[in-house]
Amino acid sequence: MLVGIDKDNMIQKYEEGQELIAGDVLFVYYDTDNHLSAKGMPHVRVSLAYEDLWNDAGWLREYLWDRRFARNNIFRDGIPMVIKRIVRDENGIKCFVAYPQPSSRKLEGGTEVCCNILGEKVCGQDCQGVILRAGGYMFLVEGNGILPGLSSQARSVVIRELSARGDSFWMRKSDTGWKPGLEDSYETTQVRVEMLFSVSEAEGILCMDCETLRPLWLPVKQACRALGAGIDHVYYVLCADSAHRLKATILEDGTISLLSAQNNLMNYYITQSGKQYRVIPRVLVKRDVDGTYVYLGRVYPYGDIIYLMSESQLDLKAGEPIPVDIVRKEEERIIAVPSGTQRRRINVSLWVAAAGRLCYVNNKMNFDKIEEYIPQRFNDYLEAVKKASQDSMDGLMDLPKASVSADLVYLYCLLTNPNMPKERKPMIYAAVNHCLKDWLGGPGVMLASGFDETICESQIEEFDFLPVVTVILLLNRINTNERSCKMLAVHMTRMLGLLCATSLHQEYLVSKWLLKKETKGMWNRLAGISFGGETADGLPNQYFDRTLTSRQWQQIVTTCQGLQTRRNCPSDLKLTADCLLYAVGADADYSDLYQNRELLCARMAAFGRGLKPGAGHKIAVEKLDNVSMKLMKNTFHRLVQKGCCPITLITDNVFPIGETEKLWAVDLCRSIAGSGTYKPKPFKA
C-alpha cells in the first residue's frame, strides 16, 4: 500500500490510478542504474527541476545531478521532493521535482537553529562540505567550520558517527556564514566541556562546550599524560568521574586540551619525580612480558591521567587513591609506581647482570660456573686470533664469519702477522675495507654520535672494548680515504675514552671479584648480595636484569657501606665495594680507579681525555701519533691474551660531545661506510 503526505502534512492513502499533480511530494531515490526514480512508482520518470526553483538549495541540485558519484550519495536511498511540473506524453509521466527548501531570507543574522548532521558531500575523493538539516531546511557548511583541527580522514569518521547517532547541536548564522554553537558574549580560551562519545578510529573524544553548546574535539594526546594509551581506556577513566565537568583550553587549531588547562598545567609544573602522590587506579591497559601490570590512573583529585605500573595486581573496584612515587615525568608521559616498589638502575652491562642472576643460588653467590655465563662472542674473538695465526702460516684468508667484529679481529691479526706472504696483503686490505664498511655503518655510527637515539636508527645494548680498538687500528692502516679514516680514528679514540671512563667500575668488578671467585674471609659478605634480575617476591627473572628492587638496593648499600667502615677490610675488597656503590648510584669515591694502571679502561680513559678538541675544532689532532698507536696496539694484545677480562663498555650514559662535532663525525662515518653490504669471499693458496 502506498501512502503520501498532503499539503497539510497529513498521511493519506494513495489510491491506484490517482493522478499526480504539481505540489505533490515524491520520495525520490537512485535505482540500480543510478537513475532518479520515485518510490513505489516505477512508471513515473523523474528529473530535476530548473535551478531557479531550488531557492537556496542549488548546491543540493548539483549534488543530485552528478550521477558519477551516485553510489556514495547520502540521499541514495531517498529524499522527499516536491513536484514542480508534470509532462504527459506517449512515454508516460515525467515529473520535474525540487527539494522544498525554505527561503534563507527569513533567517536573519544571529538566528540559532538546532541541527542534525546528515553526512558529507563527497564527490570522488573530494569532500565539499558537511550537510546539515534543521527541520526542513538543509544547508552546506565547511567541515573545518564545524570540527576544526581534525584531518579530513578523521573528520569523516566523526561525521559518520554523528550522523548514525542522530545527535543534534546548535548552529548560528553570522555575517560570514554558519558557525557552531550559540552566540558567545565574550571570547575565551578556557572552557568547561562535557564528553559526548569517543571515536577510536579518529583517536579522540567529541565534547560539547557547556556554555555555547558547540562541538569541540579532544585528541587523545591532549586528554592524558600517557603517550600510547588507547582512546577507549582514556575515555573510560574520564567517565569514571562523570559528575565532574572537565576544564579545557581551546588550542590554536580549534581542538581542546585538558593538559593545557590552567589547573592541570599548574599541577604538572609542581609535580616532581621521586615525590609521593596519590593516584586512583582505573583500568588495566596491558601486562608486560616481565609480568608488570600497566594501569591508567588519575592523580587524585581530578588530576592528569597517567601510567601506573605495578608488579602485583591492584584492586580497581575499590576506586580509592593509593600512595605512589613518580618515577618518570615528561610532558606527554608520567609514570608512577606504588610507593616502596620503585626499581633502581644498576649501571652494569646486560650480560654481567645476567651472570649475577644465574650465580645467585640459595641466597648466595656461587661462582663455580661463572665462565659459562660469559657471552660466546668473547670466545669468538680469541678463536679468530688463533685461526689468523694458523692461516697466516698457510697463506690463507678464510673469515670466521661468527660476526663482523670477529672478522675484523681476524683480518687485523692477518695483516700484522709477519708470516703472511706480502702478495696476499692487497686481498686482505680489500676484505678489511668491506668489513669496515659493515661495522662503521652500524655500530660505528652509534659510537660516533655518542649513542644519540635521535640519530641512530637502532641501538646495540652491549658494546665490547676489543672491536673498537681493532677498528681504530685498521682505520690507521688502510689507504682508501686515508685522511678521512685517520681523522675518524681520532674521534673514535676519544669516544672510546669516554666509554671507558664510565665502565671502570665494571672492569674492576668482573676482573677482581667475579672471575677471581672471591668468597673467603670478609669477601664472604659480598657473596650474600644479589644484583641480578628479581621479581618483587625475590624470584629470578631475566626481564628485570639491570634493575634492582628496593630490597636489593638497600642490601647492596648497607653491605658495602659496612665494609668501608671496617679497618681490617682489604684494599681490593674496599675498592670492590666502592664500585658496587657507584653501580647502584649511591655515594662513593672511586677516583682511585683512575690511577689503577692495571685496568685497561683507566689507561684508555686517561688517554681519551687528552683528545678533547679545542673551541671551534672538531678533533684535537689530524691523526694518532706513533706513541698513541703503540698504546692502542698494546691494548689490543692485552685484550686477546688468554684469560684476559672480557670487557663490555656501558653505553647508556650522557656523553659530553658537542652537536657540531657529533654531526660531523656521523657524516664522516657514513661517508666512509657507504652501503656496507658487501661480504668478502675467502681465498686459498
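**Notes on a five-stranded sheet and a helix pair**

1. Let's start with a hairpin: strand E13 (residues 190-199) and strand E14 (residues 204-209) pair in the antiparallel sense, with six bridges between them. Please keep in mind that this is a predicted model. Four residues separate the two strands of the hairpin, and in that turn glutamate 203 has a positive phi of about 55°. If you want to check the register, glutamate 194 has methionine 208 of E14 as its bridge partner, and phenylalanine 197 stands opposite leucine 206 in E14.

2. Next, have a look at the other side of the pairing. E13 also runs antiparallel to strand E16 (residues 246-250), joined to E16 by four bridges. Here arginine 192 is found opposite lysine 247 of E16.

3. How many strands form the open sheet, and in what order? There are five, arranged E15-E14-E13-E16-E17, with antiparallel pairing. Strand E15 (215-219) and strand E17 (256-257) are the edges, each pairing on one side only. Helix H3 (residues 152-165) packs on this sheet and touches E13, E14 and E15. The direction of H3 makes about 80° with that of E13.

4. Valine 199 deserves a visit while you are in this region. This residue lies in strand E13. Is valine 199 buried or exposed? Its relative accessibility is 6%, so valine 199 counts as buried, the cut-off being under 20%. Apart from neighbours within four places in sequence, valine 199 is in contact with Val157, Val158, Gly204, Trp217 and Ile231. Given the residue ranges, Val157 and Val158 belong to H3, Gly204 to E14 and Trp217 to E15. The C-alpha atom of valine 199 is also separated by 9.2 Å from that of alanine 154, although the two residues are 45 apart along the chain.

5. Finally, a helix pair. The axes of helix H8 (residues 404-416) and helix H9 (residues 425-448) come within 10 Å and cross at roughly 155°. Angles over 145 degrees count as roughly antiparallel, and H8 and H9 therefore fall in that class. The crossing of H8 past H9 is left-handed. On the H8 side, the contact is made by Val404, Ser405, Asp407, Leu408, Leu411, Leu414 and Leu415. H9 brings Lys425, Ile428, Tyr429, Ala431, Val432, Cys435, Leu436, Asp438 and Trp439. By class, the residues of this contact are twelve nonpolar, one polar and three charged.

Note on methods. Residues are numbered from 1 along each chain as its sequence is written. This is a predicted model: local features need pLDDT of at least 70, side-chain atom pairs count only at pLDDT 80 or more; totals for chains, interfaces and linings use all residues. Side-chain values use heavy atoms; hydrogens and water are left out. Two strands pair if DSSP finds at least two bridges between them. Axes are lines fitted to C-alpha atoms, for helices over the stretch in contact, and angles run from 0 to 180 degrees between N-to-C directions. Angles under 35 degrees count as roughly parallel, over 145 as roughly antiparallel, 65 to 115 as roughly perpendicular and the rest as oblique. A crossing is left-handed if the near helix is turned anticlockwise from the far one by less than a right angle, and right-handed if clockwise. Contact means heavy atoms within 4.5 Å. Ala, Val, Leu, Ile, Met, Phe, Trp, Tyr, Cys and Pro count as nonpolar, Asp, Glu, Lys and Arg as charged, and the others, Gly among them, as polar. Buried means under 20% relative accessible area, exposed over 50%, partly exposed in between (1.4 Å probe, protein chains only).
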